[in-house]
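Student: Could you take a close look at one part of this structure with me? I'd like to follow how the pieces meet, step by step.

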Amino acid sequence: MAVKLDTSATDFLAPAENCIKPVQTKRKAVKVGDPESILDEVALKEAVKVSLNDCLACSGCVTTAESILVQLQSTEEVYKQLAENKERVSRGEAPHKMVASIAPQACASLAAYFRCSVIEAFQKLTWVLQNRLSVSVVIDTVWAQNISLLETSREFVANYQKYKAQGATAAPMPLLASACPGWICYAEKTHPEFIPLISTAKSPQAIVGTVVKQYFAKQWDVPVDSLYHLSLYACYDKKLEASRNDFKIGETRETDCVLSSSEILEVLSKEGLEWDDIPLGPINEAAQVYLSREMAHWDADSEFEASGGYLEFVMRYAAQELFGHSIHGPLQYKQRRNPNWQEVFLELNGEKVLVFAIAYGFQQIQNVTRQIGGKTKAKCPYHFVEVMACPSGCLNGGGQIKATAQRTTETNKDLLKRVHSIYQEYLASSRAMDVQRHPLLSLSAPQVPGDQPACDTTPTPTPITPLSAPTVDDVYQKFIGAEVYSDQARKLLHTQYHAVAQTLTTQGVASPAVNNW
């Protein structure tokens, strides 16, 4: 059922300054100066119920309209879709075909929680999706991540060349990564002046949605609104990303619903499933399951590949394209104030020609944005910044399973270490396993999945990068019909951002708490 919201709603419900990660707290009253007039009005009208479990990582820019959209992204909505499909069948109508995409970071959280491998988590989750949630097609998001890396890299090279030739007016620097929706939400509402700096390349989730709703719908000869795309991610913010008007085809969202890693536990509980008893779902074309072996991987010890590897790949790509310099081996990071703010540079002939940075978590984001905005004595030296809202990046996403969900004394910090270790094992093993022998875009959509043989694990000796990934080539040739960062690619694989005016006032005075981190 479509819900039309008043787009003029801009009432920011901002938590107090000490509310940094509300996704880790229980629901409680939020104080912003003297909020009674605001919160009482909301309670009386019941226009919005802001659950702190669904708050955005940016902690303080949730509007009435947005909070409703976030609530629509839930396990309850998935089951409503299943019920609607049953009703359609009872009326003799075709049910909506369900396609699920799974991010490896979400699988890593499940793998750590249930103490298994990422591949095993993917296979068991596939079985649950196909046999309990009636999903026809299951795909991972690695191939889309590779496309996002390529588009971002080409965009950076083009901007850098303009910057050097024509100056900051033609192409302002630094280019800021755009894959994190928490960061995008924060920038649009608190730093709209930085919007021209943000990469326009879509995130992996958005790219999957575009391919599912535009390519698969055409290939399967079904209306766009008859496909239901369910995205499984590590992040609550992905729910809001999926609700953006920029990611719609007419009135149809490209991603219909997003569930976080922790919400998958709700599905298992509702279905009465014990993890150890769940069979391993097959991974092959007949089963309509696609798991990519094309995970980009450069450094076994790097902590920064788990969030997509934007800095790692863009630095290497730009060094080769701009200066003919190949970077071999690990990048040498220099830590700033803490491990969530680090720098790396390429020096040629005594000159730092490329200076990149990692900024994870809002404390470090604020440090970097102050430099960019000229609010510090130090001039911003960066050409590119990989920005993520969560400290430690996507493996520590707000939607990941927390230590409190376990029956152990393990802390969140210890759990995060295990998630990272499991993810690194996955990166290393993904090249040694060929779990698919078919191109992604050849998938069809059967009504009822049947029993299929287990996945093929033939070793693949040749490393694959985004530049040589077969699936990436397949998408550009069959779907885009043009090269990376071409006009057609920018039309389908890039987006835009919008400044959002702040209107929250406390006792008639603009509240500074919204901008204080």
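**Cysteines first, then the helices**

Tutor: Let's clear up one thing before we zoom in: in this predicted model, a search of the whole structure turns up zero disulfides. Take Cys116, which is in no disulfide: its nearest cysteine sulfur belongs to Cys107 and sits 8.8 Å away. A disulfide here needs two cysteine sulfur atoms within 2.5 Å, so that pair doesn't qualify. Cys116 has a relative accessible area of 13%, and it counts as buried because the cut-off for that is under 20%. Cys394 isn't in a disulfide either, with the sulfur of Cys180 as its nearest cysteine sulfur at 6.6 Å. Unlike buried Cys116, Cys394 is partly exposed, at 26% relative accessible area.

Now for the part I'd like you to zoom in on. An unreviewed UniProt entry annotates residues 470-499 as "domain: Iron hydrogenase small subunit". In the model, that stretch is 60% helix and 0% strand, and its end C-alpha atoms lie 38 Å apart.

Find helix H14, residues 470-480. Its buried residues are Thr471, Val472, Asp474, Val475, Tyr476, Phe479 and Ile480. What do they pack against? Their partners are H6, H8, strand S8 (289-290) and helix H15 (487-493). Right after H14 comes Gly481, with a positive phi of about 70°.

Let's follow two of those partners, starting with H8, which spans residues 204-219 and contains Val211. Val211 is buried, at just 1% relative accessibility. Setting aside neighbours within four places in sequence, Val211 touches Trp143, Phe216, Leu441 and Phe479. You've met Phe479 already: it's one of the buried residues of H14. Val211 also has its C-alpha 8.7 Å from that of Glu254, although the two are 43 residues apart along the chain.

The other partner to follow is H6, residues 142-166, so look at how it meets H11, residues 310-323: their axes come within 9 Å and cross at roughly 45°. That angle makes H6 oblique to H11, and the crossing is right-handed. Among the H6 residues that meet H11 are Leu149, Leu150, Phe156, Val157 and Tyr160. On the H11 side, the residues taking part include Tyr310, Phe313, Val314, Tyr317 and Leu322.

To retrace the path, start at H14, whose buried residues pack against H8 and H6, then go along H6 to its crossing with H11.

Key: Residues numbered from 1 in each chain as written. Predicted model: local features only at pLDDT ≥ 70, side-chain atom pairs only at ≥ 80, totals over all residues. Heavy atoms only, no water. Buried < 20%, exposed > 50% of the residue type's maximum accessible area, 1.4 Å probe, protein only. UniProt positions renumbered as here; feature names shortened; annotations may be inferred. Helix = DSSP H or I, 4+ residues; strand = E, 2+ residues; numbered from the N terminus. Contact = heavy atoms within 4.5 Å. Axes fitted to C-alpha atoms, helices over the stretch in contact; angles between N-to-C directions. Parallel < 35°, antiparallel > 145°, perpendicular 65-115°, else oblique. Left-handed = near helix turned anticlockwise from the far one by under 90°.
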